Amino acid sequence: MKPPPFHYAAPTSVAEAVALLGEHADDDARALAGGQSLVPLMNFRLAQPGYLIDLRRIEELTRIRTDGDVLSIGAMVRLSRAEHSPEVALGAPLLAEALGYVAHPPIRNSGTVGGSIAHADPAAELPAVALALDAELVVVGPQGARTIAAADFFVGPFTTAIGAGEILTEVRFPRRDGGQAFVEFARTHGNFALVGVASVIETDGDAVTRAAIALSGVAPVPVRAAAAERALTGTVPDDASIRAAVDAAVAGLSPSGDAHGSTETRTDIARSYLRRGIELALTRAQDRR
Amino acid sequence: MERHDVTLTVNGRTSTVSVEPRKLLVDVLREDLGLVGTHIGCEHGVCGTCTVLRDGESIRSCTTFAVQVDGAELRTVEGLASGSELHPLQDEFWDKQGLQCGFCTPGMLMRACEIVEQKPDVTREEVREGIASNLCRCTGYQFITDAVCAAAARMKAGSTETTGAQA
Ligand SMILES: Cc1cc2nc3c(=O)[nH]c(=O)nc-3n(C[C@H](O)[C@H](O)[C@H](O)COP(=O)(O)OP(=O)(O)OC[C@H]3O[C@@H](n4cnc5c(N)ncnc54)[C@H](O)[C@@H]3O)c2cc1C
Ligand code: FES
Ligand code: FES
């Protein structure tokens, strides 16, 4: 099958892209990043935008920068580039680890950080990472720039707080001390996760001072495992307390089942991967000290 | 419908084609440039049979509009051999029976090409992991892995003995 016809432009600035989005709103104009989600959807005619605004020529969207304690990644930074960037490894090791789970290298060579987050697949890795790291999403529209907290960004499956006429320009990851770990269960490596777990755990040597844990694949949007975070914080974790924290988190979940796994299967997987993720983050937190 | 001029350097030859923006890179390669070595399987990025190299990196030509790679340097399976001399990867795929029906082969070769060029010291495990992006329904992957490992070893030996012999 071939995609339906559309108009195409590749502007060189954010302002120009936003103007084009506005001008062609009636044509259902959309941003085109790496195309690794949008082009398959168009090939199957599940998406039929009348106008595509290719962001690839916008230089400023391809930057990776570190400002003090914040790692900023331009929306058009390709997944494989972020994966191998020393700046990302240093500023957001959780992100670097998660990127290795996003599809396969030929997809990561074209797909972008901004595209993955804007696409907001409930099973995708990067939205959960953004949530666990309290990332800030910068969007620009006709009214100028605004910043959205990751907690407010993912509003439903494939739906975000990016407004009509706005584009995502940058993702800001605050640096977190402590241990970070991304683990996931997929039917085969490179597939979307049945369950993905992003954990960031800070300790003062023994006790947990802060825990941020986010899950993908278990709900229509990535979710924080708030009950586990609360249960861990302030404790010196051992086998029993980790088990209790995991049980508390799982009690709040009811992932919808499909051909790839029933509700019970997914809940079971979430239980064991939460545990693995927390233990790995804790080990890494201790190794850092 | 509107058309756009797209300039592509494919296997060292630069051409400009006028295409509808909806035309996929794989179709431009096959229909406009006559390079039918690149195959089309699934058209949604899963099977890898359409894999080509863009600026040295493997990409899916079925999930890429040609307009998105205007100005790029591409390599397809037609660019592997030099004249009648097969590329070590092609030679080893032949020798080790790394193909049966051959449908996945062009994409597999281009993916393998990226793997061995990025990492001349690639391990067998890394080759297995690396080619997992491409589906082969015939071979069970064992012979493909053998072929890629053998080619990597040959290319590495070749590049230390002579310089620049490997195109
Ligand atoms: C075979 C295959 C397997 C995959 N497996 C995984 C996986 O395991 N995990 C995973 O997370 N993903 C997976 N993906 C998706 C892939 O990672 C995509 O590349 C990514 O989700 C989208 O990024 P993109 O840059 O290609 O965006 P595009 O496809 O270009 O765009 C996706 C959507 O986001 C919008 N958009 C893009 N950029 C912006 C922006 N800056 N501002 C506003 N809107 C924007 C577009 O309009 C479109 O609606 C897979 C894809 C394929 C083909
Ligand atoms: S045809 Fe491109 S990946 Fe299947
Ligand atoms: S040789 Fe037949 S699909 Fe690979």
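Two strands count as paired when DSSP finds at least two bridges between them. With that criterion in mind, the tour of this predicted model opens on a strand pair in chain B.

**First stop: the strands of chain B**

Select residues 4–10 and 13–19 of chain B, which are strands E1(B) and E2(B). The two run antiparallel and are joined by seven bridges. Display Asp5(B) as sticks and look across to E2(B), where Ser18(B) is its bridge partner. Next, centre the view on the connection between these strands: E1(B) and E2(B) form a hairpin with two residues between the strands. Asn11(B) in this hairpin adopts a positive phi near 50°.

Keep E1(B) selected and add residues 73–75 of chain B, strand E5(B). Here the pairing is parallel and rests on two bridges. To locate the contact, label Val10(B), whose bridge partner in E5(B) is Leu74(B).

As an aid to reading these views, side chains in a regular strand alternate between the two faces of the sheet.

**Second stop: a hairpin in chain A**

Move to chain A and select residues 64–67 and 70–74, strands E4(A) and E5(A). These strands are antiparallel, with four bridges between them. Ile64(A) is found opposite Ile73(A) of E5(A). The strands make a hairpin with two residues between them, and Gly68(A) in the turn has a positive phi of about 60°.

**Third stop: ligand 1**

Now select ligand 1, which is situated between chains A and B. Expand the selection to its surroundings: 33 residues lie around the ligand, and those that come nearest are Ala31(A), Gly35(A), Gln36(A), Thr112(A) and Glu125(A). By class, this shell comprises 18 nonpolar, 13 polar and two charged residues.

Which backbone atoms should be displayed beside the ligand's oxygen atoms? A polar backbone atom of Ala33(A) is 2.8 Å from an oxygen atom of ligand 1. For Ser37(A), a backbone N or O atom lies 2.9 Å from a ligand oxygen, and for Ala103(A) the corresponding distance is 3.2 Å. Switching to a surface view, one may note that the ligand taken alone exposes 970 Å², of which the protein buries 92%.

Colour the secondary structure next. Strand E2 (29–32), helix H7 (113–119) and strand E10 (167–174) of chain A are the elements giving two or more residues to the shell. Helix H7(A) gives the most, with four residues.

**Last stop: the second largest pocket**

Finally, display the second largest pocket, whose volume is about 990 Å³. Its lining contains 38 residues; Ser80(A), Pro105(A), Arg108(A), Asn109(A) and Glu57(B) are the closest to its centre.

Select the helices that contribute at least two lining residues each: H3 (79–83) and H6 (105–108) of chain A, and H3 (105–118) and H4 (124–131) of chain B. Which element supplies the largest share of the lining? That element is H3(B), with four residues. Colouring the lining by class gives nine nonpolar, 14 polar and 15 charged residues.

Notes
Residues numbered from 1 in each chain as written. Chains lettered and ligands numbered in written order. Predicted model: local features only at pLDDT ≥ 70, side-chain atom pairs only at ≥ 80, totals over all residues. Heavy atoms only, no water. Near = heavy atom within 4 Å. Polar contact = N/O pair within 3.5 Å; in protein donor to acceptor, adjacent residues only side chain to side chain. Areas by Shrake-Rupley, 256 points an atom, 1.4 Å probe, with all protein chains shown as cover. Nonpolar A, V, L, I, M, F, W, Y, C, P; charged D, E, K, R; others polar. 1 Å grid on protein atoms, 1.4 Å probe; cavity = no way out; pocket = protein on both sides within 12 Å on 5 of 7 lines; lining within 4 Å. Points joined across faces, edges and corners; volume = space filled by probe spheres on them.
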